[in-house]
Amino acid sequence: MVMLSEGARSTEQLLREYAVTSGRWVRANFVTTLDGHATGGDGLSGSINSAADKAVFDVLRALADVVVVGAGTIRAEGYGRLRTEDPELLAARRAAGRSDHPLLAVVTASGHLPEKVLEPDADAGDLLVLCAEAVQDDLAQRLGEDAVIACGADTVEATRAIEALHGRGLDQVLTEGGPHLLGGWLGAGVLDELCLTVRPVVVGGTGPRLLEAPAADGALAQFELLQALAIEGDLILRYAVRR
């Protein structure tokens, strides 16, 4: 039985608590309101974040080889290339033999990429694009062949994407969304773990939900609770996907 643990966590504690022993691991990290919204009233997840959630967010990135995000979420949230700025997290990446900054992998079937992630940044991680075959050649001409992987004819197939990442030695995979990508990964059975922060706020309205996926015949996925932290009103949860 997993017991609820209360109180703030140091970076060292979080690194230890979120470490995984499996050589290959695929996890998702999301935040949600009590009424199931993935964003605040402004359409951004940042407006429902908290300091405790941000601490876990940074640690999960530090433990990842690659962070996978849908192009729509990249555009909405204003992502740029990823940086590890906290000295303690940077030291942890180096001690684990990882690069200083995680790779950012953008998922796009259309090939439309936000300009911000295309801007070179010598102080940040590299960019990888997971795309459909129809737009592979065009993206390869713009970004270089090594920066582009086709993962399906017209769509980006979850299983092919994960296999391609692992094939490049990117064993610790983290996704931060959005809801369509999470639904696709759960439907394909490629997710190992869901990290979920439940914020004690209610947004209302019809904004993005935690998960958007086709209706399933029964449960889309079942989970086992691994860890529960209560920090300043937030519930910060870890779930393993049951196979």
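The side chains of Arg-24 and Asp-171 form a salt bridge with an N to O distance of 3.4 Å in this predicted model. The contact joins distant parts of the chain, 147 residues apart: Arg-24 lies in the loop between α1 (11–18) and β2 (25–33), and Asp-171 in the loop between α7 (158–167) and β7 (172–177). Arg-24 is partly exposed at 48% relative accessible area, and Asp-171 is also partly exposed, at 24%.

In total, 13 salt bridges are counted. One of them pairs Asp-121 with Arg-83 at 2.6 Å, N to O. Here the loop between α5 (115–118) and β5 (127–131), which holds Asp-121, is linked to the loop between α3 (71–77) and α4 (87–95), which holds Arg-83; the two residues are 38 residues apart. Relative accessibility is 23% for Asp-121, which counts as partly exposed, and Arg-83 is partly exposed at 42%.

A salt bridge between helices is formed by Glu-133 and Arg-160, with N to O at 3.7 Å. Glu-133 belongs to helix α6 (residues 133–143) and Arg-160 to helix α7, with their positions 27 residues apart in the chain. Both side chains belong to partly exposed residues, Glu-133 with 39% relative accessible area and Arg-160 with 32%. Separately, salt bridges connect Arg-27, Glu-193 and Arg-238 in a network.

One aromatic pair is counted. The ring centres of Phe-223 and Tyr-239 are 6.1 Å apart and the planes meet at 70°, so the pair is edge-to-face. Phe-223 is in strand β9 (residues 223–231) and Tyr-239 in strand β10 (residues 234–241), 16 residues apart. Phe-223 is partly exposed at 26% relative accessible area, as is Tyr-239 at 23%.

How values were computed: Residues numbered from 1 in each chain as written. Predicted model: local features only at pLDDT ≥ 70, side-chain atom pairs only at ≥ 80, totals over all residues. Heavy atoms only, no water. Phe/Tyr/Trp six-rings, centres within 6.5 Å; stacked < 30°, edge-to-face > 60°. Helix = DSSP H or I, 4+ residues; strand = E, 2+ residues; numbered from the N terminus. Buried < 20%, exposed > 50% of the residue type's maximum accessible area, 1.4 Å probe, protein only. Salt bridge = Lys/Arg side-chain N within 4 Å of Asp/Glu carboxyl O.
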